[in-house]
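Me: Could you walk me through the cysteines and the ligand site of this protein?

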Amino acid sequence: MKSENDIIIVGGGLAGLTCAIHLLKSGFGVTLIEKNHYPQHKVCGEYISNEALPYLRWLDVDPTQLNSTKITRLSISSATGKTINTELPLGGFGISRFTLDHFLFEKAKQNGCNFITDTVNSIDFKDDVFKITTAKTGLLNAKIVIGAFGKRSSLDQKLERGFIQKKSPWLAVKAHYKGDFPNDLVALHNFKGGYCGVSKVENDHINICYLTDYKSFKTYKNITDFQKQVLYKNPQLKEVFENCIPLFDQPLTISQISFEKKEPVYNHILMVGDTAGLIHPLCGNGMAMAIHSAKICAELTIQFLNSAISSRAVLEKKYKKEWNQNFKSRLAIGKLLSGIIRKEKLFAPLLNLLIKFPSILPEIIKKTHGKPII
Ligand SMILES: Cc1cc2nc3c(=O)[nH]c(=O)nc-3n(C[C@H](O)[C@H](O)[C@H](O)COP(=O)(O)OP(=O)(O)OC[C@H]3O[C@@H](n4cnc5c(N)ncnc54)[C@H](O)[C@@H]3O)c2cc1C
């Protein structure tokens, strides 16, 4: 095994953990720094596209072992409840982040990952070496740093990344419920100012997760009030909420979710997952992209450390190129779709068109997804 601090991964969500497992499988020592303990619930729709399956299996991760649900159908409704149904071209599976991230953490640990539970405060690069400062552990050095610290971190502020300077209007709410909902369906229900994903995860739990703009949210006293006054206007959503029982004491919330352009390489750090770019959640593809970017990053890092890539500059250039080739157009299409779906005036005619020509919808879905990752 190569030296422990050749590679430091900052952040142990899906991207950081899968990247670590890949590198460990190839014989490299990995230190992963994650600020939170496992397991933790996360704000996420928890529907994963099957494009991630072959690669997860290569990593020796089989979601069916975790009792994931098999999802094959999609239902989309407008804010007034008008609905279109379709088969998903690739399909996917439902699994909570609580279970999946914990499983990946255990796997990485078994494979020899050096886990540090700590917050990274800064990452500096000088004389071809990274210096990482953490809150409790102190200073660490590394040859390669992989940034997997998610959609928004205090580190982005510290690194003075462009996207963090802009205010973002988006917030998201998620909770698990018990109730009646088909196992094989993911539903995307619109409401004024946002949209809500509903699907089953393991243990027969229903995950309900919505994204909304802060402007429409702030006029209501609390989440329950907001849901009743705004989400319930869509009869489909009213029915879902009225027929299920919350399993969390309080829903989880996150704010300031940014869909601004980010950089796949910044200050020589190779960024993976949401740290490199966040796709609009309506595409249901952020997790598969996080896993895929981790794979690309791991493969190139291995080539670099084995001297098959001649310099850091070449490594960074190759990573940027592959990242853009795989994800840039998906992000742009996600942005476009999000703009249309949230405006009833634009979405209503599109929905009518899709009802008339149902073969168009699977083609749109394919544009936001990639091929199976192998
Ligand atoms: C509302 C919403 C719904 C979504 N629904 C879906 C869906 O249904 N399907 C789908 O595929 N995708 C969905 N996504 C996208 C998906 O959640 C993300 O793409 C995915 O979580 C990315 O994983 P990640 O590893 O990049 O980030 P994360 O899972 O966020 O991991 C980042 C980790 O870094 C840690 N960290 C941060 N800062 C530091 C620090 N300074 N020091 C140490 N550790 C740190 C955090 O604690 C965290 O564990 C959704 C996103 C949103 C916002």
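Here are a few questions and replies about this predicted model.

Me: How many disulfides does the whole structure have?
Reply: Happy to look! A disulfide needs two cysteine sulfur atoms within 2.5 Å. The sulfur of C209 has its closest cysteine sulfur in C44, at 6.6 Å, which is too far for a bond. C283 is in no disulfide either, with the sulfur of C44 as its nearest at 13 Å. A search of the whole structure gives a total of 0.

Me: Is C283 buried or exposed?
Reply: Buried means under 20% relative accessible area. C283 has a relative accessibility of 7%, so this cysteine counts as buried.

Me: What share of the ligand's accessible area does the protein cover?
Reply: Let's start with some polar contacts. An N or O atom in the K42 side chain is 3.0 Å from a ligand oxygen, and a backbone N or O atom of E46 is 3.3 Å from an oxygen of the ligand. A polar side-chain atom of S153 sits 3.0 Å from a ligand nitrogen. On its own the ligand has 1000 Å² of accessible area, and the share covered by the protein is 95%.

Me: Which element gives the largest share of the shell around the ligand?
Reply: Good one! The ligand has 34 residues around it, with E34, G45, Y47, R97 and D274 coming nearest. At least two shell residues come from each of α1 (14-25), β2 (30-34) and α8 (286-305). The largest share is 3 residues, and the element supplying them is α8.

Key. Residues are numbered from 1 along each chain as its sequence is written. This is a predicted model: local features need pLDDT of at least 70, side-chain atom pairs count only at pLDDT 80 or more; totals for chains, interfaces and linings use all residues. Side-chain values use heavy atoms; hydrogens and water are left out. Buried means under 20% relative accessible area, exposed over 50%, partly exposed in between (1.4 Å probe, protein chains only). A residue is near a molecule or strand if one of its heavy atoms lies within 4 Å of it. A polar contact is a pair of N or O atoms within 3.5 Å; within protein, one must be able to donate a hydrogen and the other to accept it, and residues adjacent in sequence count only if both atoms are side-chain atoms. Accessible areas come from the Shrake-Rupley method with a 1.4 Å probe; for residues, only the protein chains shown count as cover. Helices (H or I, at least four residues) and strands (E, at least two) are DSSP runs, numbered from the N terminus.
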